[in-house]
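Okay, thanks for coming, everyone. Let me put the structure up, and then I'll talk you through it.

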Amino acid sequence: MEVVWLVVVGLLLGGWYGLDGFSLGAGMFLGVLRGDAPARRRVVAAIGPFFLANEVWLIAFAGVLAVTFPEAEARLFTVAYPVIVVMVAAWLVRDAAMWFRARRPGRAWRARWETTQAVASVVFAASAGLFLGNAVQVPGEGGLRLLSPYALLCAVAVPALFALHGTAFLTARTTGELRDRARRTAGRLAPLVLVLLVALIGTAPLVAPAGVTPVALVLGLAGPASVAVAWLALRAGRDGRAFAATAVAAVSVPPAVGALIAGRLLGSVAEPSTIGQLSMMALPILPLLLGAQAVLWWVNRHRLNDHSVTFF
Amino acid sequence: MDALSLARLEFGLTTSMHFLFVALTLGLAPLIAFLQTVWVVRGEPHYERLTKFWGQIYLVNYGLGIISGLLLEFQFGLNWSGLTHFAGEIFGAPMAMETLYTFFVESTFLGLWIFGWGRMPKVLHLLTFYVVAAAAIGSAYLIVVANGFLQNPVGFRNDGEALRIVDAGAVFGNPAALLAVGHILPASLMVGGFLMAGVSAWHFRRGTGEVRFFRTSMRLGLTVGYVATFFTIGFGDASVLWVVRNQPTKLAAGAEAERAQAEMIAQHGPGDYLAPLWVPIALTVMLSVAYLYVLFALVPIVLLGRGRIERRRLLLGIGVWTIPLPFLTVILGWLVREVGRQPWVIYDVLPTSAAVSTVSATSVLASLIVFTALYVTLVIVGYVLIGRIARRGPASLFLGRALGEPEEADESATAELAKER
């Protein structure tokens with residue numbers, strides 16, 4: 001049962017990487033589109049329907065982690081305190097930018113929030129990467145220890161991966177000039193992300209105290225392999241396939257890290273009574289949650305057009 | 001200040017500001033569900049406009065609720081790992097279920113509601129909002145179950161190191177939780193109902209011309225708010241009775257307080273176990289506000305018939321200016337409940353000082369400053385935007401707008417430009 005919950009926790013964070021990852025990446029792309037108000041509006045419209053349903057995965061991860069692996073959660077959160085404060089602050093700002101953008105007239109007002117969203121998305125993604133990089137190691141207390149080379153590499157790799165994922169999403173969901181522009185950017189990002197992910201895997205044995213297990217290796221290699229697939233698909237103009245491949249790459253990152261530290265996590269698992277109660281109460285809802293999200297995707301499966309509903 | 005006081009201050013500030021939005025979300029959701037139901041059943045455009053207009057206010061407020069709620073799930077891990085460590089099994093379970101069963105469901109279905117506008121079959125679209133409203137209520141219940149355990153720990157075994165669940169039924173059926181839900185839901189309806197009436201009053205005062213629109217809104221808001229007042233008082237009084245019997249250190253005064261204090265000292269050693277003196281005063285203020293509504297909300301209700309209220313400028317003005325009153329009162333209620341529990345985080349089981357994380361005061365201070373600044377900005381900007389939507393009335397509705405239509409701002413872009421020059 002503990003392993004089931006380990007998988008659930010990994011998938012919840014993986015789900016956040018795969019879903020909010022593209023909201024964040026598309027948010028970063030807003031920074032590239034400075035001065036092009038109509039294109040920026042379409043980027044916001046493209047992520048709009050998924051925005052709410054994407055970010056809930058991280059909240060669900062935090063909530064479930066706290067109950068199932070309380071010791072690990074308490075230790076991680078206390079050690080990575082500043083990282084989490086920065087991450088949640090950036091999250092607040094990113095969301096505020098999204099919600100406030102269209103709620104007042106004025107180009108300047110909107111442009112300001114769009115730029116804010118771009119910056120906050122980068123900071124949010126970087127601190128999420130920093131958090132994961134620190135989870136791999138067992139860092140001591142103190143702010144500087146959190147900025148180890150491996151954690152910093154993660155803090156670069158995760159935003160890059162999200163930027164690729166976000167532009168792949170925009171390639172698949174928009175049309176015309178914006179789609180071409182997103183595709184070109186994604187094509188340029190793909191080799192960079194490939195290198196970064198390979199570097200992360202290559203250096204993992206140096207920092208992971210428990211060594212690299214075969215499961216972790218397989219999950220880890222899924223990342224660069226999918227990025228390679230995405231790169232080819234982008235060049236071939238297969239937008240849907242490219243987006244699916246970047247999604248797999250993003251989703252695979254947290255489970256790979258989870259597999260690296262599985263021993264430590266399982267050692268801190270909650271009492272069997274808790275796990276049992278929670279399994280009975282919380283596991284049955286999971287298929288329903290996935291179903292609801294699938295309906296949302298089905299309703300919004302088309303590329304953006306003039307009739308698409310906007311809100312943000 | 002030490003880490004404990006700073007962490008308490010941070011929790012109090014952020015949770016209070018979060019609850020301002022929660023109360024309105026909880027209060028408006030049933031009203032909008034009602035309006036949309038009438039729209040779907042009767043097919044009248046009048047009710048579609050009502051659903052859209054109040055839906056817009058609901059949504060912006062909901063967004064603020066999400067944003068201000070993000071931190072809370074993380075705050076327990078950051079500042080209160082002692083609580084997570086000691087009672088995570090019991091306290092964390094309803095919290096985790098809240099994230100999965102209600103927040104997750106609520107956000108996903110709200111996405112469907114917003115972006116399915118005009119895209120989904122009408123009945124299905126209505127059902128998505130029913131799910132949203134039900135999830136909001138479920139969310140309130142689960143959070144209050146977690147909080148109820150802190151007020152009245154039940155169904156657990158203390159093995160010295162941590163608390164273990166013994167009886168989940170007792171945890172989820174905790175009277176401290178059920179009474180609170182019974183109190184919070186109608187209190188939120190007061191917030192939502194009187195806001196609806198207050199906004200309508202503003203439009204009548206200004207003579208904005210949307211007479212039928214705001215007549216329906218005023219009637220619905222006042223009626224629901226007024227009826228909810230009685231339920232709020234009923235469950236509130238029951239809660240007070242329960243507190244007097246089960247949490248003697250919270251509201252007691254005089255000889256009774258001394259007895260409660262002596263009992264605590266006998267059990268747990270020396271210390272100050274009584275709640276601050278202002279807690280009973282805050283309770284009295286809260287009760288007074290409720291009775292004010294019982295007395296004076298009757299006046300506009302009597303004048304509802306044949307639109308007589310629409311010309312009473314003074315009365316309408318009072319309706320506008322008292323919009324914040326229910327908001328402030330619900331915060332007062334939480335202060336009574338939470339500060340009154342001190343010095344315990346889990347009443348009679350775990351002192352608050354043992355719940356705080358082993359982090360430096362500087363770290364907590366930094367996060368307190370960062371988040372207080374963000375929250376205050378959020379509250380101010382948020383209410384300015386909500387106020388703007390409320391004042392513009394149903395003339396310009398953006399809910400369900402298509403990408404092909406120009407953005408609101410573009411219509412007045414020239415005026416904006418002129419102003420900037």
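Before anything else, a bit of vocabulary: I call a residue buried if 20 or more other C-beta atoms lie within 10 Å of its own, exposed if 12 or fewer, and partly exposed in between, with C-beta atoms placed from the backbone. A nonpolar core is then a set of buried Ala, Val, Leu, Ile, Met, Phe, Trp, Tyr and Cys residues joined through C-beta atoms within 7 Å.

Some housekeeping too. This is a predicted model, where local features need pLDDT of at least 70, side-chain atom pairs count only at pLDDT 80 or more, and totals for chains, interfaces and linings use all residues. Residues are numbered from 1 along each chain as its sequence is written, while chains are lettered from A and ligands numbered from 1 in the order in which they are written.

So, which residues touch the most other members of the largest nonpolar core? That would be A:F61 and A:I84, out of 255 residues in that core. The top contributor is helix α2 of chain A, residues 37-68, which puts in 21 residues; helices here are DSSP runs (H or I, at least four residues), strands likewise (E, at least two), numbered from the N terminus.

Stay with A:I84 for a second. Leaving out residues up to four places away in sequence, A:I84 touches A:F77 and A:F131, plus B:F74 and B:L78 from the other chain. In contact means C-beta atoms, placed from the backbone, within 7 Å.

That brings us to the interface. Here 67 residues of chain B are in contact with 61 residues of chain A. On the chain B side, α3(B) has the largest share, 24 residues. By class, that side has 38 nonpolar, 20 polar and nine charged residues. For the classes, Ala, Val, Leu, Ile, Met, Phe, Trp, Tyr, Cys and Pro are nonpolar, Asp, Glu, Lys and Arg charged, and the others, Gly among them, polar.

Now chain A by itself: twelve helices, zero strands. Of its 312 residues, 59% count as buried. The C-alpha atoms fill a box of roughly 55 × 40 × 35 Å along the principal axes. Among contacts in chain A with a separation of 6 or more, 79% join residues 24 or more positions apart.

Last, confidence. The model scores ipTM 0.90 and pTM 0.92. Chain B has a mean pLDDT (the predictor's confidence in each residue, from 0 to 100) of 89, with 97% of its residues at 70 or more. Over residues 416-421 of chain B, though, pLDDT stays under 50, and the model has two contacts beyond four places in sequence for that stretch.
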